[in-house]
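Let's look at a protein model together and ask how its labels are earned. Each time, we'll set a value beside a cut-off and see where that leads.

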Amino acid sequence: MIGQILFIIILAAAIYLFSKNVGKIRRNILLGRDTNRSDSPALRWKTMAKVALGQSKMGKRPLAAVMHIFIYVGFVIINIEVLEIMIDGIFGSHRIFSRPLGSLYGLLIGGFEILAVLVLIACITFLARRNIAHLKRFSGVEMTSWPKSDANYILIIEILLMTAFLTMNAADNKLQLLNYGHYIKAGSFPVSAFLSALLPSSAAALETIERGCWWFHIIGILAFLNYLPYSKHFHILLAFPNTYYSNLNPKGEFSNMASVTNEVKAMLDPSFVPAPAEASRFGAKDVTDLTWKNLMEAYTCTECGRCTSVCPANQTGKLLSPRKIMMDTRDRVTEIAKGIDKQGNDFKDDKSLLDNYITREELWACTTCNACVDACPVNINPLEIITEMRRYIVMEESQAPASLNNMFGNVENNGAPWKYSNADRFNWKDSQ
């Protein structure tokens with residue numbers, strides 16, 4: 001009974017803390033401007049099923065895709081057993097699903113063990129790629145000690161959890177063979193049966209190992225759950241809503257500002273009466289000028305570096321890193337949120353996303369080719385943030401580079417980006 005009470009307290013505390021931290025992140029995301037992403041629900045469900053659930057965009061890097069599938073499928077399916085562990089913990093039972101499921105239970109446990117081995121292989125492979133092979137896309141100015149450590153922590157935690165799971169089963173299997181106590185014969189142990197030889201023969205020692213691994217496994221799962229909101233691995237949860245709310249417009253299609261559109265319509269048609277519109281800033285200077293979807297993407301980013309690795313500006317040595325754009329956005333909105341927590345909703349500081357986090361050189365290095373958008377496994381769009389910040393620089397500050405100002409002048413005067421007048425536009429034909 002003491003164990004049950006202790007387990008219920010730990011479970012309740014873990015759920016409370018997780019809910020509280022998720023609530024904070026939701027509040028942070030909603031600091032962004034509103035945008036409508038509720039159209040075409042059927043297509044959105046299809047996109048989520050294909051990209052988030054089906055991992056369709058992972059296949060561009062086959063080795064990483066296979067390893068990620070091992071972890072993704074293994075960790076999700078193995079957590080079905082977590083449900084059984086929780087019920088056992090609350091009611092003091094042991095392998096409560098074994099009787100109602102019958103022979104199917106043995107197949108499930110056997111499958112869980114095979115998946116656990118695959119998860120171990122994948123995690124060890126990923127650790128080696130990061131810390132021994134030193135893949136280039138895992139480095140960069142934005143990849144400071146914390147992002148690198150965060151990735152390693154998660155992989156190590158998963159290795160420990162899978163090891164505890166298999167060791168728990170090995171001890172349980174040996175206790176079943178000894179007909180000890182309440183350890184009924186249930187389950188199939190194709191992997192942990194081989195580990196049994198490494199364990200002591202004493203029933204008391206085996207029970208200590210089994211109980212110790214049981215507690216370590218479930219507390220580790222709950223601790224992992226509460227670590228996610230502080231980690232880039234929160235994408236495990238946010239990947240699904242993030243892909244559901246994907247931008248369904250063709251890549252490269254820019255959004256129009258209602259206030260600018262109304263001005264143009266009024267210029268073309270003096271009788272046009274625009275609907276009242278809320279005054280807003282042109283473009284984005286800080287994260288609160290971005291949409292909630294942009295901020296959701298910042299929290300969804302897992303810092304895999306696929307976007308930066310295909311960025312032509314980054315490949316040619318320029319400062320731009322699309323991954324850094326997302327990381328800086330997340331850091332800035334988190335900073336503002338902490339200020340709000342301390343000083344209230346009127347919190348203001350002398351910082352902004354532009355200049356304090358993201359430099360103008362980074363923004364103007366972007367070629368708007370959409371390579372980063374296409375590469376992201378969960379449909380994150382760094383380009384939207386870049387173009388909104390460029391829009392602010394051009395329309396609010398009139399600080400565009402000289403080459404762009406020349407083009408703007410030509411468009412205004414000649415109706416085209418070139419310096420030739422409309423009358424001379426087709427003169428090139430005479431020379432053919």
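Here are some questions and answers about this predicted model.

Q: How do you know how confident the predictor is in this chain?
A: Look at pLDDT, which runs from 0 to 100. The chain averages 90, and 98% of the residues score at least 70.

Q: Which element has the lowest mean pLDDT, and which the highest?
A: Helix 10 (residues 258-268) has the lowest, at 79, while helix 11 (residues 292-300) has the highest, at 97. Why care? Where pLDDT is low, the predicted coordinates shouldn't be read in detail.

Q: What makes helix 6 and helix 8 roughly antiparallel?
A: Helix 6 (residues 145-177) and helix 8 (residues 203-227) pack at an angle of about 150°, and their axes are 8 Å apart. Angles over 145 degrees count as roughly antiparallel, so helix 6 and helix 8 get that label. Their crossing is left-handed. As for who takes part, the contact of helix 6 with helix 8 has 20 nonpolar, 3 polar and 6 charged residues.

Q: Why are helix 1 and helix 3 called oblique?
A: Helix 1 (residues 2-29) and helix 3 (residues 62-91) pack at about 130°, with axes 7 Å apart. Roughly antiparallel needs an angle over 145 degrees, and roughly perpendicular covers 65 to 115. An angle of about 130° fits neither range, so helix 1 and helix 3 are oblique to each other.

Q: Which residues make that contact between helix 1 and helix 3?
A: Helix 1 brings Gln 4, Phe 7, Ile 8 and Leu 11, and helix 3 brings Ile 85, Met 86, Gly 89, Ile 90 and Phe 91. Sorted by class, that's 7 nonpolar, 2 polar and no charged residues.

Q: Why does Arg 44 count as buried or exposed?
A: Arg 44 sits in helix 2 (residues 41-53). Buried means under 20% relative accessible area, and Arg 44 has 1%, so Arg 44 counts as buried. Leaving aside neighbours within four places in sequence, Arg 44 is in contact with residues including Asp 39, Tyr 244, Tyr 245 and Leu 248.

Q: And what about Phe 347: buried or exposed, and why?
A: Phe 347 lies in the loop between helix 14 (322-343) and helix 15 (353-356). Its relative accessibility is 16%, and the cut-off is under 20%, so Phe 347 counts as buried too. Not counting residues up to four places away in sequence, Phe 347 touches Glu 335, Ile 336, Gly 339 and Ile 340.

Q: How far apart are Phe 347 and Trp 364?
A: They're 17 residues apart in sequence and 30 Å apart in space, going from C-alpha to C-alpha.

Definitions and conventions. Residues are numbered from 1 along each chain as its sequence is written. This is a predicted model: local features need pLDDT of at least 70, side-chain atom pairs count only at pLDDT 80 or more; totals for chains, interfaces and linings use all residues. Side-chain values use heavy atoms; hydrogens and water are left out. Axes are lines fitted to C-alpha atoms, for helices over the stretch in contact, and angles run from 0 to 180 degrees between N-to-C directions. Helices (H or I, at least four residues) and strands (E, at least two) are DSSP runs, numbered from the N terminus. Angles under 35 degrees count as roughly parallel, over 145 as roughly antiparallel, 65 to 115 as roughly perpendicular and the rest as oblique. A crossing is left-handed if the near helix is turned anticlockwise from the far one by less than a right angle, and right-handed if clockwise. Ala, Val, Leu, Ile, Met, Phe, Trp, Tyr, Cys and Pro count as nonpolar, Asp, Glu, Lys and Arg as charged, and the others, Gly among them, as polar. Buried means under 20% relative accessible area, exposed over 50%, partly exposed in between (1.4 Å probe, protein chains only). Contact means heavy atoms within 4.5 Å.
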